[in-house]
Amino acid sequence: MEVNIGVQNVAREIALETDSSADEVAQAVDAALVDGGVLRLTDTKGRQVIVPGRSLGWVQVGESEKGRVGFGQIRPPVAD
């Protein structure tokens with residue numbers, strides 16, 4: 001699952017790949033916002049990303065798009 005996190009007053013977003021489901025990420029975000037705690041996510045390499053809940057600007061959760069580089073992008077011409 002691909003997760004992008006916008007942090008208040010920071011120009012760059014945090015982007016990570018995680019093995020967690022979209023529901024698990026949404027529950028972690030909800031808990032961080034409600035409790036005033038921290039959003040803690042682990043990426044696919046085992047690294048942790050920790051963001052204070054009060055600093056979250058936005059969170060985007062979506063499916064990973066694999067295979068988007070190289071000749072896989074080229075579509076064959078359409079026959080008339």
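The following exercises, with worked solutions, concern a predicted model.

**Exercise 1. The nonpolar core**

Task: Determine which residues form the largest nonpolar core and which elements give two or more residues to this core.

Solution. Step 1: The largest nonpolar core has twelve residues, namely Val3, Ile5, Val7, Leu16, Val25, Val29, Ala32, Leu39, Leu41, Val49, Val51 and Leu56. Step 2: Two or more of these residues come from each of strand S1 (2-7), helix H1 (22-35), strand S3 (38-42) and strand S4 (48-52). Step 3: For one core member, Leu16, the contacts beyond four places in sequence include Val3, Ile5, Leu41 and Val49.

**Exercise 2. The two faces of H1**

Task: Identify the buried residues of H1 and state where they lie around the axis.

Solution. Step 1: H1 has 14 residues and reaches 20 Å from its first C-alpha to its last, close to the expected 20 Å. Step 2: Its buried residues are Val25, Val29 and Ala32. Step 3: These residues cover an arc of only 65° around the axis, and therefore they are on the same side of H1. Step 4: S1, S3 and strand S5 (56-62) are among what covers them. Step 5: The face turned away from the buried side carries the exposed residues Asp23, Gln27, Val34 and Asp35.

**Exercise 3. A salt bridge**

Task: Find which side chains meet in a salt bridge, and decide whether Asp43 counts as buried or exposed.

Solution. Step 1: Side chains of opposite charge can pair when their charged atoms come close. Step 2: The count comes to one salt bridge. Step 3: The side chains of Arg47 and Asp43 meet in a salt bridge, at 2.8 Å from N to O. Step 4: Asp43 has 11% relative accessibility and therefore counts as buried, the cut-off being under 20%.

Note on methods:
Residues numbered from 1 in each chain as written. Predicted model: local features only at pLDDT ≥ 70, side-chain atom pairs only at ≥ 80, totals over all residues. Heavy atoms only, no water. Core = buried A, V, L, I, M, F, W, Y, C linked by side-chain atoms within 4.5 Å. Buried < 20%, exposed > 50% of the residue type's maximum accessible area, 1.4 Å probe, protein only. Helix = DSSP H or I, 4+ residues; strand = E, 2+ residues; numbered from the N terminus. Contact = heavy atoms within 4.5 Å. Expected span 1.5 Å × (residues − 1). Arc of directions from axis to C-beta. Salt bridge = Lys/Arg side-chain N within 4 Å of Asp/Glu carboxyl O.
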